[in-house]
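This report describes how two chains meet and how their interiors are built. Please consult the sequence and the model shown here.

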Amino acid sequence: MVTEMSSSRPKIDPPRPAFDVERIRADFPALRQTVHGRPLVYLDNAASAQKPSRVIETVRRYYTDDYANVHRGLHYLSERASDAFEAARGKVRAFLNAREDREIVFVRGTTEAINLVASSFGQAHLKAGDEILITEMEHHSNIVPWQLLGERLGTVLKVAPVNDAGELLMDEFERLLGPRTRLVAVTHVSNALGTINPVERIIELAHARGARVLIDGAQSAPHAAVDVQALDCDFYAFSGHKLYGPTGIGALYGKRELLESMPPYQGGGEMIREVSFTRTTYAELPFKFEAGTPHIVGAIGLGAAIDYLREIGLDAVARHESELLDYATPRLREIPGLRLVGTAARKAGIASFLLDGVHTHDVGTILDRHGVAVRAGHHCTMPLMTRFGVSGTTRASFALYNTRAEIDVLVEAIRQAQELFRR
Amino acid sequence: MAGATVLNDLLTLYRYPGDDWPRLMTTDTPSIDAVIAGLIETFDALGDWDERYRHIIRLGQRLPPLPEELRTDAHRIHGCQSHVWLASRYEHGVMRYRAASDAMIVSGLIALLLAVYDGRSPVEVVGTSPGFLRALGLSAHLSPMRSNGLHHMVLRIQRDGQEALSRSAAASPAGAEPGDMGGAAT
């Protein structure tokens, strides 16, 4: 289960009381509402997670008391804002166990992080004929940037297939890892299936062939401890909004020497040292990659989300979500006509399924009437859906605040949807 | 019980054989306002959401299948998570619509739209706001951001009606030529 991901992490967090889901739920104001007259059962966490009061309050306080631009004002408020912004970077560094703060670049989210790597790493290190290896289970945001790069540079995209359980075929992956492979870009956890990829092995294999590795951590960072040094990945990207933080903020981790070797992604304020019309020099890391006024409040809010998660403990979160999956899986399997899509041996808290004779869109609509929020569709993984011969699935994805009782509501709502569509 | 009558007619007429575009409306069908009033009455009588959805699903199940040759990309309505196709024709002074979806609730919503817009003059099509869906308690489905694409369907229905109107205005006083309009623009 997902807890395996954390085995290599040094135990730096102090011991804490047992995981109390009811106390955690009380931290999330959005969970108190009713939808269509029923208590909200929020199971769309792989799309985006709800926010704890800690994050909401941090954002409110920053706008109320501490607001100013960063890195340029000499005045009191600007210095305070800059301190808070850089403190947030430090929290991200500690969260990922990166060596240095400057290895953390604030971005809008995972999508921008991958586009940044495609553009800047691509420009510095890739040329026509070079290969980028991804997997069949990638999100569109880890496919399309490489296709765009291919159109620009003539790089070649290779795709490692998955088996019927939704697990990466490692022998195929190894076979595709060739002498021209320069970069492996792979998701840590599949957003559509929940599969946990063996990224440690992938990184080891890729490095042995001289290829760099980017890990799409959008679905792993919120759910288990990640240690980029232990993993030895070259890049790791995640989004704040799936990690109980604000939208529009995320981070790219990159090894320092690698980030230093890459040209800026965008030009503008903040990212320069000196500008003249003949020659411009760029700022140090990480500012070189942060053109313009950053999403200051987003970063500070993300810092608060990280504080919150670390206090609960990522290992406890992983354990809880893994227990939810263990509780949900047999109960879903019991429903006649329900087929789970994605049955990997190592899975995170995501249950993707199909109902015989009922369109995923219809399932989603009826579940919504029961107050159950799920995602119905292709999950931005159209090639993966094609691989499984479906146009989409219904996906329930779990977070630290979900309960067994909510899974019971989900199961009952699915049964009622089936009844409704019986001809 | 005017509402029940209209809906029964709707279901019956959908099974009318012969015409390659099964006719929903005939010359003796009620006015567009009467159809809308009938739908509202029926839905009011249905009560809770469960019954309404059951009814919509039943309508969807009765929607005649869309022939393969009309399931083309030109007829696809994008912006929907389910697949939706909508084809239209202008003939004998009225707009004819056929549509389908692979999702059942969307199919039912399509049936409601066709009950109102199919077989109506372009003037009636363009002049009838889809606001009646609100009165049916389906306003949630109408927002442009909703992934079921109902909003886009209504836009397409009205766009095709507007095109027919412009064409007949441009043509001779005898009126526009009949023809397939599906996917004529964009």
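In this predicted model, 15 residues of chain A are in contact (heavy atoms within 4.5 Å) with 17 residues of chain B. Residues are numbered from 1 along each chain as its sequence is written, and chains are lettered from A in the order in which they are written. Local features need pLDDT of at least 70, side-chain atom pairs count only at pLDDT 80 or more, and totals for chains, interfaces and linings use all residues.

The values for the interface between chain A and chain B are as follows.

| Item | Value |
|---|---|
| Buried area, chain A and chain B | about 1500 Å² |
| Share from carbon and sulfur atoms | 58% |
| Salt bridges, chain A and chain B | 1 |

Buried area is the accessible area (1.4 Å probe) that two parts lose on being put together, summed over both. In chain A, the residues that lose the most area to chain B are A:His361, A:Arg369 and A:Leu420, together 37% of what that side buries. A salt bridge (side-chain nitrogen of Lys or Arg within 4 Å of a carboxyl oxygen of Asp or Glu) joins the side chains of B:Arg54 and A:Glu419 at 3.2 Å, N to O.

The largest nonpolar core (buried Ala, Val, Leu, Ile, Met, Phe, Trp, Tyr and Cys residues joined through side-chain atoms within 4.5 Å; buried means under 20% relative accessible area, 1.4 Å probe, protein chains only) has 73 residues. Among them, A:Leu96, A:Val184, A:Tyr236, A:Phe238 and A:Tyr401 touch the most other members. Domain 1 (21–50 + 313–422) and domain 2 (55–310) of chain A, with bounds from an automatic or database domain assignment, both give residues to this core, so it lies between them. A second, separate core of 70 residues includes A:Leu332, A:Ala417, B:Leu113 and B:Ile157.

How values were computed. Side-chain values use heavy atoms; hydrogens and water are left out. Buried means under 20% relative accessible area, exposed over 50%, partly exposed in between (1.4 Å probe, protein chains only).
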